[in-house]
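Reader: I should like to request a close look at a single part of this model. Please treat that part in one connected account.

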Amino acid sequence: MAEDFRIVVVCTANICRSPMAEVMIRHALRDAGPDAAGVVAESAGVYGHEGSPIAPGSASALRALGIEDDGHRGRRLTPAIVAAAVRLLTMEERHREAILAGTPEARDRTFALREFA
């Protein structure tokens, strides 16, 4: 069996922006059906608030779109998460810079979301 195509969305604390993007990507992947088999969406924060739930405003914004947050719990970005990712999408350029400062070999698979779009 082939390994998953792992997308990791990165922000600062992993309680607002990146978990929203993660859940929205997962929602889109469910709608894509079998074409999305093997694609995994995750999120983490460069200063992740380990175990914290998604921020109330972010949860509310997702509910307004008809999407639930699936019980998200914040986590800190680790070298293992970076190594397992096929694509790292950051909310800001400074998050990309933080990843590349610790893992320069991730350059070809790390993009600021604005750059990737």
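In which loop is Pro53 found?

Author: The model is predicted: local features need pLDDT of at least 70 and side-chain atom pairs count only at pLDDT 80 or more, while totals for chains, interfaces and linings use all residues. Residues are numbered from 1 along each chain as its sequence is written, and side-chain values use heavy atoms, with hydrogens and water left out.

Pro53 is found in the loop between β2 (39-45) and α2; helices (H or I, at least four residues) and strands (E, at least two) are DSSP runs, numbered from the N terminus. Pro53 counts as partly exposed because its relative accessibility is 45%, where buried means under 20% relative accessible area, exposed over 50% and partly exposed in between (1.4 Å probe, protein chains only). Not counting residues up to four places away in sequence, Pro53 touches Ile15, His72 and Arg73, contact meaning heavy atoms within 4.5 Å. The C-alpha atoms of Pro53 and Gly74 are separated by 6.3 Å, although these residues are 21 apart along the chain.

The loop's helix, α2 (residues 56-64), has an axis that comes within 10 Å of that of α1 (residues 17-32), and the two cross at roughly 25°. Axes are lines fitted to C-alpha atoms, for helices over the stretch in contact, with angles from 0 to 180 degrees between N-to-C directions. The crossing angle therefore makes α1 roughly parallel to α2, a term for angles under 35 degrees. In this pairing, Met20, Val23 and Met24 of α1 meet Ser58, Ala61 and Leu62 of α2.

Terms used: Angles under 35 degrees count as roughly parallel, over 145 as roughly antiparallel, 65 to 115 as roughly perpendicular and the rest as oblique.
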